[in-house]
Every structure is written in C-alpha cells, then in structure tokens.
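Me: I'd like to go through this structure and ask why things get the labels they get. Can you take me through it?

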Amino acid sequence: MNPVDLPASTSTARIERFMPFWTVLRGDIRQTVRSWMYLLGMGTYAALGLGLVLHRAAMYRQAGLSQSAAALLGELLFMALVSGATWAVFLSAGAISGERQLLADAILCRGVSRYQYYAGKWMARVVLVSASFLFCGAAIAGIGLCLLHYDVRADGVGVALLWLASVFAAVVTLGVSVSALSESTLFSVVVVWLAVHGLGVLFTMLQLEECNPIRLCDRFSRAMREGMAFEELARSLACYAGATLLIGLVGAIGFARRDI
Amino acid sequence: MEAAGSCVLETYRLTKMYQNRQIALNDINLRVEPGCVLGLLGANGAGKTTLIRLILGLHRPTTGWVKVFGRRMTANAAGLRRRIGYIPTQPRFPRGATPIDFLDFTGRLFGLPREVRQTRLGALLRAVNLLEVSGEPIASLSTGLQARLSVAASLINEPDLLIWDEPTQGLDPEARRSMLELVKALSRHKTLILSSHNLSDVDEVCTHAAVLSRGHLIFFGSLQDLKGRMKRNHFELDLEGEHKAISKAAQTIRNLPEFKVVQVRHRRLELQLTEQAANASALANVFMTLADNKVNLVSIRTVGQQTEQAFLDLVERDESRGFARVYVNGED
C-alpha cells in the first residue's frame, strides 16, 4: 500500500440519495433471477402449464371434445396459487436473513438506511414474483386462447392475473417481513409457510369471500368469462394491497429497530 | 475535516444490554475531537466491537446516545454513515464478486454518481496495489489482499471518520507495516478510531486511547497520559568498559538504598527501583557511579512495552477495585 497514491480528496461529491435503494433492488433481482430456486419454480410452472394447455388443445382438435379456455386457465391459476405460494415463500423468506453474514459488515455500515435496504429487498421480490407470474400466466393464456374454444375475455384474463399478482405480493411481503425480523432462513421459511397455508385453511373454513383460495379459483374462471365489476375488483385489490402495506410496514419498522 | 471545536464522535451514558441477559457496554462517555487517532483497547469480550457497532448505528443503545458529527446516530442515519469509512474485523464480501464489483457496489451504497465512483475506484485499486487482481474473484485472494480491498472500500466515500476494527489482524509483517504507514498518512487529514489487540500498533500510531474492560470504560485520554500512569522503575543500561570496572560499579549501586534489583549480564545492567525512589535522582547516582569507575553508557531504556504495561496495570487496578467501581467511574 502506498499512502502517497491515495486519491486526493475531491471534497463534497454529489450524492444520489436513491442510488442505494436502486442498488439493493437491482442487485437482489439479478441475484434472485440467477438462483436455482427461481429457475426451478418458473421452469416447472411454465412446463406444466404449457403441457396442460397442449394436452387440452389436442383433446379439442383431435377428439373434438370442446375445451373451455376459461376453465383451463382457472385451473392453471389455482395451481399457481397453491403451489406457487410455497415457491413464493421459499423465494421471499430468505431475502434478508439469507444475507445476514454480509448485512452489517458490507452493506448497512455504508450509506444506506435500513428503510432503503428493506424497501429495495421488498420491492425486488414483490416485483419479481408478481411479474414472473403475470408474464408466465399471460403467455400461457395467450397460447390457450389461440388453441382452445374461445370463451374468455381479454380484460377478464387481465383481471384474474392482476388478482393473482396481488395475492402473491401479500405472500412475498409476509416472507420478506419475517425474514427481516428473524436470524435464520429456515425459521423464516417454516413460519411463513405455516402462516400462509394456515391462513388459507382458516379462510376456507370461515368462508371469507376475498381470501378463500377455493372461492378465488371460481372467481378467476368467472372473471375470465364475464369480466368483473369495477367495484368488486377495486375492493378485492384494496383488501390485498392494504394487507401487503400493513405487513410491509410492520416488517420495515421492526427491521429498523433491531440489532444487526 | 470538522470545524475547530466541533466534535466528531460523542457518546453519553452509552449502555448496551442484550435481551436483558448480557451487559456488553455500561455507561460509556467518550468525546473524540477532529484529527484524533483513538486506539480502542481491551481484551476479547471487553465491548470494543459492540461500541463500534453502536457508533455505526448497527446496534441500538439500550440507554444513552451516540452522536457523530453532532447528530444522533440511528439505524436510518445514512447521511452520517456516508462520512464514515469502516473496516470490520473479518471483512466479508459478496460471493463471486471481483474487487471492481465490490468497490463499485460499495460506491453505489454511498450514493456516489458513476463518474465519481469509477474515478475513485481506479485510483484506490492502484493505491492498494490491487490492479493486477482487480478482475479475480475476491474469494481467491489472500488475507493480505482482502485486507487491502477492505481499506479501499473504507476510503471510497472519502470519509472524515475512519473506524477500523483490528485492521492488522492476520497480516504478515510487511503488510502490517504498510497498514500502519497508511494509518499515519491518513491521520494527517482524518479522524481515526482503531480497535486493536496489538498494543505496539496503538503505541505507534494513536494519539489517544480508550481502554475497555468487561464493558466499562476504565481509561479515556491521551496516550501520553496512559503511559504516564505507569511508574517507570525498571531500566536497562548497555555499558562499555572493562568487566572489572562494571562489576565494581554494580556493587556500588547495589549499596544504594533506591535500588531493589541490580544485575549485570554481558555488559548490560538491569536496575529496578524501590516504590519510594525518585527515578531522576536514583539514575543521577548511577551515572555518577559509572563515571567514577570509567564505564561508558551506550544506551538506556525502560523495560517492558510501556503502553502494554499501562494497559495491564489499568485492567488489574480496575479488577482490584471490586465494589468500589460502583462509586468511582472511569479513571481514578
């Protein structure tokens, strides 16, 4: 090391205040997209979805059995909801606790606030998981529309996918929040998985309209066939957005108050 | 640098308890002025790293506060951390990252615009002699090279305050020497807090010292004050002259009441004064005796590493105080 070679102080450099947030967000998206968990989940969902669509298309074209695109897409979205929830839990519950080794000594000791870091991680996982399902679902729906009996409305498909994305946003937010508050990824995964599936069972037993996954599946098919009243959609989305924000805020405040 | 009179770091009654089970720090009051090089001393578990983490806002104080550059440090005080350069005890790096990736990532976390980041990154890699390995994965670099990278990362934001937690740990003698030279160079423009086990490092580069023992601050002041606490009563003199003359001089010195130990080994005279003896007059008597016997004095030094001895004395004294520690806070 040669102290003489150290760069001369250039006094106060301009600071881009939101750069730490974007750095965390971008880094997390890049890291997650490369992870085997993400690739395995998306690959499996895309392959199963495409396989089911092609199977039904073959039955329709070869055997002449009429296949409802709305029913098929409803099944696919239900499959995404049930199996994808577990995948989303695995993907989100290690978002912060998985980085515990680096957190204090390489990240939070720098010029990034806890809120910025948390928001970057949260946004990255919510955007990635929701966008992946939106993209994958839209692609499968497009193929289904081309190959099957045409009984769906494009706006109905959009509404159903938006709905699914909002459910995933809430699940991912719960995962990131628990991850921010716990020391161990394994613990986070167990807690979030039990919470998500336990709540699913509870909502089913209580027959809560907005959150019951079985009802949601019926609603997906109906929405795709008939579209959806704006008020109903807005109420449903507001319910999930409210839950997402509340869980996210609790996670952010808890994370800002804990020792790293 | 801060304006004159302002304080870079201040802690007031800083206390940290973990889950009401462990008291890591208790009632720490510190005040670090600009330009100070503070050595943070203490045994393992004394609370050095906890103190550093509280200063950085990584931990929340149980009671009391930390102010950096006059503002309270919190978990969200990113603006304050932009003025701090930190090296942890065992630096960790993102998996698969190269030195360039890591420095760029660190620069981004400080919010530095691309042009500033890239310029500093290149200059720092050159300064720490990492240009040749700047594209290699960090995991493949030696401990010494990783330590240099940590130095570069801690300087990328051009901080006013540097906090280095045991920066010479695990370094070979050459790298350690370079690190100390770097600290000396940086201390001309910046305020530094160095946590170290190595007391000779602290002795060489620090102007002030804070000594922690089991979460208590038992000394805070200049290094000179710390050394001054140690009674210098043990000396070694290298002599030149005939054996007979040296032995005769030693015998004369043994008869002086100020000395409790007088030993001669291969023209080296070891002297230990009694507790009551004034060292200046006792040594004056020694020099006169040597001159009378025609023995030349080649060199004279105090025995033992002064800072180390003072540190050990402080810890020992703190331990021996027992319950009196409740009433007497900090240095006596």
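**Labels and the values behind them**

Reply: Happy to, starting with the contact between the chains: between chain A and chain B there are 15 residue pairs in polar contact, both residues at pLDDT 80 or more. Some ground rules: this is a predicted model, where local features need pLDDT of at least 70, side-chain atom pairs count only at pLDDT 80 or more, and totals for chains, interfaces and linings use all residues. Residues are numbered from 1 along each chain as its sequence is written, chains are lettered from A and ligands numbered from 1 in the order in which they are written, and side-chain values use heavy atoms, with hydrogens and water left out.

Me: What makes a pair a polar contact?

Reply: A pair of N or O atoms has to lie within 3.5 Å; within protein, one must be able to donate a hydrogen and the other to accept it, and residues adjacent in sequence count only if both atoms are side-chain atoms.

Me: Which elements of chain A touch chain B?

Reply: α1 (19–33), α4 (100–108), α5 (114–147) and α9 (230–257) of chain A each give two or more residues to that side. The top contributor is α4(A), with seven residues. Helices here are DSSP runs (H or I, at least four residues), strands likewise (E, at least two), numbered from the N terminus. In total the contact (heavy atoms within 4.5 Å) takes 39 residues from chain A and 51 residues from chain B.

Me: Why is the pair B:Arg53 and A:Asp105 called a salt bridge?

Reply: The label needs a side-chain nitrogen of Lys or Arg within 4 Å of a carboxyl oxygen of Asp or Glu. B:Arg53 and A:Asp105 come to 3.0 Å, N to O, so the pair passes. The count between chain A and chain B is two salt bridges, and over all chains the structure holds 21.

Me: How do you know that A:Glu183 is exposed and A:Arg258 buried?

Reply: Buried means under 20% relative accessible area, exposed over 50%, and partly exposed in between (1.4 Å probe, protein chains only). A:Glu183 has 54%, so it counts as exposed, while A:Arg258 has 14%, so it is buried. These two form a salt bridge with closest N and O atoms 2.8 Å apart. A:Glu183 is in the loop between α6 (154–181) and α7 (185–206) of chain A, and A:Arg258 in the segment after α9 of chain A, 75 residues apart.

Me: What makes B:Arg31 and B:Glu10 a salt bridge?

Reply: Their N to O distance is 3.7 Å, so the pair makes the cut-off. B:Arg31 lies in strand β2 (residues 22–32) and B:Glu10 in strand β1 (residues 9–18) of chain B, so the bridge ties together parts 21 residues apart in sequence. B:Arg31 has 38% relative accessible area, so it is partly exposed; B:Glu10 has 24%, so partly exposed fits there too.

Me: How do you know that helix α2 of chain A spans close to what is expected?

Reply: The expected span is 1.5 Å times one less than the number of residues. Helix α2 (residues 36–62) of chain A has 27 residues and reaches 37 Å from its first C-alpha to its last, close to the expected 39 Å. Its buried residues, among them A:Met37, A:Tyr45 and A:Val53, pack against α1, α3 (69–92) and α5 of chain A. Just after α2(A), A:Gly64 takes a positive phi of about 75°.
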